[in-house]
Amino acid sequence: MKKMLAALLATTLVVASLVGCGSGNKETTAAKSDETTAESTAEPAAVDGGTLKLSVTTGDGSTTDDKIPTPWYNRIMATNLMFRALLIADSDLTNPQPDLADSVEISEDGLVYTITMKDGLKWSDGEALTAEDVQWSIETALKAATCNSIYTSAFKKIDSMAIDGSTLTMTLSEPYASMKDVLAQFAILPKHCLENADPLTLESDAFWTNPVCSGMYTLDELNVGNYFTLKINENYEGTAPKIQSIICYFVQDYITAAQAGQADYVFGNAADLVEALEGMPNYTEHEVDVLFYKYFLFNMKGVDGNENEAMQSVEVRKALIEAIDRATLATLYPTASVLNSGVPNNNEAYNGFEYTFDAEKAKADLQAAGYDMSRTLKICYYNNDQTSIDLIQTVVHYLEQTGLTVEATLSNDGTTDLFTTRNYDIGFKGKSSFSIDEWYTEYQSTDALFANVFGGGDEFDELVNNLFKATDSVARNEALKALQDKEQEVVYKVPVFTVGTYVFTSDKVIVPEGVTFCNPLYMCDLKFADWEMAQ
């Protein structure tokens, strides 16, 4: 935490009581192939040729320690090595090259995609990987309750799909400028394993305790509550990786994992994590240029009609933002840029609007809007790192200066508490975005999660659609400015800042020269087959 903010809080901050639900230790079981072994917490023996150590955090409730996380929500290193897409992108998440697909051809009008699959592809269980798996995956993603909005927004533009042998022809209802880049992120899943699963609970299906994979590696062992291990997929048709095995630990936080020697690759943007890893001489730091938003969202109305009366007034929502000094909050992070919409202030499409910090005006505006100052304002957040906790305590301090009573709750399951339980007024959330477009997909009436907070209205749909269709910079900038004007008019969610992200690699792993790391929650070509473990 920065010294300036520490000094401010030392003299003025009365620390808010934080209500948190810690996840208890689950009964340890181990699953390997089709067998269940005796209870065990011991680590597997290292494999000759080296074992890469990864970690996946369960601290924010987005991942549980009893299954492999779905790649349809966030892509992480472990699942990137297990599940492939039709194409694979470069570090900018653009310029996609063939992966499962041998080629993707696009018609001149941008409406027809002809996707030809590679010959001889197999799943890790030996079954053929075909165009039918691709069609099923796309159709199922549109029905899934847990799926990244970059996929559903793109796939809703598909009017029809037809298969002829190894070729899938996909016809869109209208052009979608980033479709090819999206196809480089979307993991294809096995139809023969999941076609009878319920799309609404797909991410918790038993499949994820013993998944069938398409990547360099497949599951070897799942030790519930502790780790899972990966072994080389013998049915992978590409260049075999030099690293023979991978262990991925379930951890509460990455700092502890790094200190315990459980992470040869770790990423994050919180100040405590960056400072801790920078202070460890066995790690190399790689700064990554990503679009990672930290933002507030207001709990207003669900599609079920359940309305939060206190947050209905846009004047109340604006006043609450006026009460918070976002520039001071930004000092909590190593690199943070305050912004006022989904468009960064240095982008040519930025419309120039600014939210200003004015505590006295905020207090007067709340009273003028008729807000009940006697009620308790509830904040919900889910990141359990110290930087996030410090930030929320500071937000509580600012809001209390207006005369509000504030209660902040650290959620153990952010997705459920923000979008289903909804017992809060202001949510604090992070979003590692594929592009600016992803920020705006959350406003769409078809976004299953955010419809439960914003009410599912269609007032943004045409504006977002205009952005998706824009194929030149002039049209794109016009669409982005219209979207900014609308979001600043309705104030459903407000960005605090974007933060830089850092990847750290340990001295136990040798990363090939020329590798450029990308957004860690997406998929790009890291030349992983050439990674080695130091002897």
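**Exercise 1.** Determine which residue in strand 20 is the bridge partner of V338.

*Solution.* In strand 20, V338 has F497 as its bridge partner. The model is predicted, with local features requiring pLDDT of at least 70 and side-chain atom pairs counting only at pLDDT 80 or more, while totals for chains, interfaces and linings use all residues. Residues are numbered from 1 along each chain as its sequence is written, and side-chain values use heavy atoms, leaving out hydrogens and water. Strands (E, at least two residues) and helices (H or I, at least four) are DSSP runs, numbered from the N terminus.

**Exercise 2.** Establish which strands pair with strand 20, and state how far strand 20 is covered.

*Solution.* Step 1: two strands pair if DSSP finds at least two bridges between them. Step 2: strand 16 (residues 336-338) pairs with strand 20 in the antiparallel sense over 3 bridges. Step 3: strand 15 (residues 283-298) is also antiparallel to strand 20, over 12 bridges, with H286 opposite V503. Step 4: strand 14 (residues 265-268) pairs with strand 20 in the antiparallel sense over 4 bridges, and G268 stands opposite Y502. Step 5: strand 20 (residues 493-506) is mostly covered, as 14 of its 14 residues are buried (under 20% relative accessible area, 1.4 Å probe, protein chains only).

**Exercise 3.** Describe how helix 9 and helix 17 are placed relative to each other.

*Solution.* Step 1: the axes (lines fitted to C-alpha atoms over the stretch in contact) of helix 9 (residues 314-322) and helix 17 (residues 473-490) come within 8 Å and cross at roughly 95 degrees. Step 2: the two helices are therefore roughly perpendicular (65 to 115 degrees). Step 3: V314, R317 and K318 in helix 9 meet Q488, E489 and V490 in helix 17 (heavy atoms within 4.5 Å).

How values were computed: Axes are lines fitted to C-alpha atoms, for helices over the stretch in contact, and angles run from 0 to 180 degrees between N-to-C directions. Angles under 35 degrees count as roughly parallel, over 145 as roughly antiparallel, 65 to 115 as roughly perpendicular and the rest as oblique. Buried means under 20% relative accessible area, exposed over 50%, partly exposed in between (1.4 Å probe, protein chains only).
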